[in-house]
Amino acid sequence: MTMYDTTAPASPVVPLRGRLRPLGLDEVRITGGFWADRQAVNGSATLAHIESRLESEGWLPNFDLAVVGTLPDGRRGREFSDSEVYKFLEALAWEIGRTDAAADDELERRFRAVVARVAAAQEPDGYLNTMFGRPGQEARWTQLQWGHELYCLGHLFQAAVARVRTRPDADDGLIDIARRAADLVCDEFGADGRDAICGHAEVEAGLLELGRALGEQRYVDQASLFVERHGRGSLGEIEWGRAYFQDDVPVRDAEALRGHAVRANYLSAAATDVSIEFDDSALLEALRRQWDRTVERRTYVTGGQGSHHQDEAFGEDWELPPDRAYSETCAGIGSIMFSWRLLLATGEGRYADLIERTLFNVVATSPGDDGRSFFYANTLHQRTPGTPADPDATSPRASSSLRAPWFEVSCCPPNVARTFASLAAYVATADDEGVQLHQYAPSSVRTRLADGTVVALDVSTGYPADGRVRITVQEDARFTLTLRVPGWAEGALVRVLSGDGESSEPARPGAVSVRRSYRAGDVVEIELPIVPRVTSPHPMVDAVRGSVAIERGPEVLALESIDLGADVGEAVAAGDPIDRDGAVVLPVRSRSTGEVVEAPLVAYHDWARRGPSTMRVWIPTV
């Protein structure tokens, strides 16, 4: 008999309260277009690629070695390599839920086979880690600053959440593994236990959501303890300062996200969960202020975050050099996690705006067309053409100038995989009045409101190439349909087509709501202006002063040498961008010859897909 709510949506986050209720994979399906294509490649190629590399790199066999007792001599990978196995399991769980895989499906068999290997390595008291705790290894919990033991378990917990929410009755053992590990964490680090935190935030978000999924308040309370313990300097000083671990000031006292960008976003996401669970409005408001300053002053035009290579960290305000942009793919995913929780809590569309920007210009940029190569970091200015990566090699972290198949620190590929597999859960939400669409993609939405009203919608669109989004109501019902109007969408128009005729009205950036008694077949359309626009940087950003970026809809555009026929350093913007039937060109002047030509621009997420090239997003005007 299950001890958890089997009616919860199949979503990574299901808050106790909030302005909006998430709709899960059981209520929303992406049925075509830009994101469906990426989900298809993720399911058919990326997951198998990750599993193969986890095997060949030894990160999955580490669990087998733990069982036979040959650790530490045979162990391979960094101290956090266990986490990549757990992220892979989470991605598989969401993919199984997304595709409604049968119990005898290949995906299900692969999932259960990996779970069995992980289960065999778990200690009787629930401890689970291949780097610590066995003869010849350092003792448990002795390297909390860098050891990542709790970080790894956080990803285990998120994998278990995905399994609970997609296959609540599956008898595969993962939920029991996670429960036993979570019980141990609470015993060791509870109010009467070790007064400590992990050097890499993640256990907080994973433990809290596991508590929600399993109905275990103890896990929620422990996650809150971990969040509140940040900022007391317990991890000690390092060369980059305690801010690297977000251990310099308490979460509620910080002014902006700082330090290691992935750590900062994971912690902020967890702190938002804590603020909701404990109805802590002061904490929520502090996080909203931090998000505001971070987005205004510490976030690239692509949505990327992190301008320091040495510590994978945020810079100071306005420190956003395009050629030194680290903009780690995982930091982008962490930013989406943080923004999504703020969106659910407040209902404010600006959080969905950043999610959209980051999805199209960071997450979609990372994987290659074949789903078997990735960008770890996402520069905004490539000064040298780069060298294609060896498809059989393992690249040093972020050193690859083109997408690489695997990295010594390969957190990004499974992070991308779990995001794509669960992406439908970020498309729409509901409240007592109706349904809200936040991300535009061909999709099917089927949900029931609190009063029993069934809302059934089919969305068709060519977005982002085309700004027309057509929502067709499939069942008679009275409800409010709310559509996000992106901040860039000045001049948007919404129209209603029904048996009563057609009506239209302007839609200002923010949101537009249409409440009515709908009949099956009624259509609501929103027309977003997908035209090229010129973006000027904030005058405080020294590195790109005197430059412009070109955007079209949610996509940032880039200039590549392969289209210019010369190094991009030669180009100076010499006019406004021109839309030629969806292809954007920019008049540019050659520094060396003075000649003006029309140079094609590509969507930033498509750069380097045609081979080595130089590239820039910010194009100088002088």
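**Reading strands, helices and turns in a predicted model**

User: I see that I30 faces S443, a residue of β6, as its opposite number. Which two strands are joined there, and by how many bridges?

Analyst: Good place to start! This is a predicted model, in which local features need pLDDT of at least 70 and side-chain atom pairs count only at pLDDT 80 or more, while totals for chains, interfaces and linings use all residues. Residues are numbered from 1 along each chain as its sequence is written, and side-chain values use heavy atoms, with hydrogens and water left out. Helices (H or I, at least four residues) and strands (E, at least two) are DSSP runs numbered from the N terminus, and two strands pair if DSSP finds at least two bridges between them. Here, β2 (residues 28–30) and β6 (residues 443–448) run antiparallel and are joined by 3 bridges.

User: What does β6 pair with next, and in which sense?

Analyst: β6 pairs with β7 over 6 bridges, in the antiparallel sense. Within that pairing, R446 has A456 of β7 as its bridge partner. The hairpin of β6 and β7 has 5 residues between the strands, and G452 there takes a positive phi near 95 degrees.

User: How do I read the whole sheet, and what is its strand order?

Analyst: As background, side chains in a regular strand alternate between the two faces of the sheet. In this case the sheet is open, has 7 strands with antiparallel pairing, and follows the order β2-β6-β7-β8-β13-β10-β11. β2 and β11 (501–507) are the edge strands with a single partner each, so each has one side without a neighbour in the sheet. On average, neighbouring strands of this sheet are turned by 15 degrees against each other, direction ignored. Further along the order, 5 bridges connect β10 (residues 492–498) with β13 (residues 523–527), again antiparallel. There V494 stands opposite I526 of β13.

User: Where are the edges of the sheet that contains β1 and β12?

Analyst: That sheet is also open, with 5 strands ordered β1-β4-β5-β9-β12 and mixed pairing. Its edges are β1 (21–22) and β12 (510–518), and each has a single partner strand, so one side of each lacks a neighbour in the sheet. Inside it, β4 (residues 428–430) and β5 (residues 434–437) run antiparallel with 3 bridges between them, and A428 stands opposite L437 of β5.

User: Now the helices. At what angle do α9 and α10 cross?

Analyst: Axes are lines fitted to C-alpha atoms, for helices over the stretch in contact, and angles run from 0 to 180 degrees between N-to-C directions. The axes of α9 (residues 261–277) and α10 (residues 281–297) come within 8 Å and cross at roughly 150 degrees. α9 and α10 are therefore roughly antiparallel to each other; the classes are roughly parallel under 35 degrees, roughly antiparallel over 145, roughly perpendicular from 65 to 115, and oblique for the rest. Their crossing is left-handed, meaning that the near helix is turned anticlockwise from the far one by less than a right angle (clockwise would be right-handed).

User: Which residues make the contact between α9 and α10?

Analyst: Contact means heavy atoms within 4.5 Å. On the α9 side these are S268, A271, T272, V274, S275 and I276, and they meet L283, L284 and L287 of α10. By class, this contact has 6 nonpolar, 3 polar and no charged residues. Nonpolar covers Ala, Val, Leu, Ile, Met, Phe, Trp, Tyr, Cys and Pro; charged covers Asp, Glu, Lys and Arg; the others, Gly among them, are polar.

User: How is α9 oriented against α11, parallel or antiparallel?

Analyst: α9 and α11 (residues 329–346) have axes that come within 8 Å and cross at roughly 15 degrees. That makes the two helices, α9 and α11, roughly parallel. The crossing of α9 and α11 is left-handed. Their contact has 11 nonpolar, 5 polar and 2 charged residues; D273 in α9 and R341 in α11 are among the residues that meet there.

User: Which backbone details in the loops should I look up?

Analyst: Start with the cis peptide bond between L71 and P72, where omega is about 10 degrees; P72 sits in the loop between α2 (61–68) and α3 (81–99). The bond from Y463 to P464 is cis too, with omega near 10 degrees, and P464 belongs to the loop between β7 (454–461) and β8 (468–473). W141 is not a glycine, yet has a positive phi of about 60 degrees; its loop runs between α4 (106–121) and α5 (149–166).
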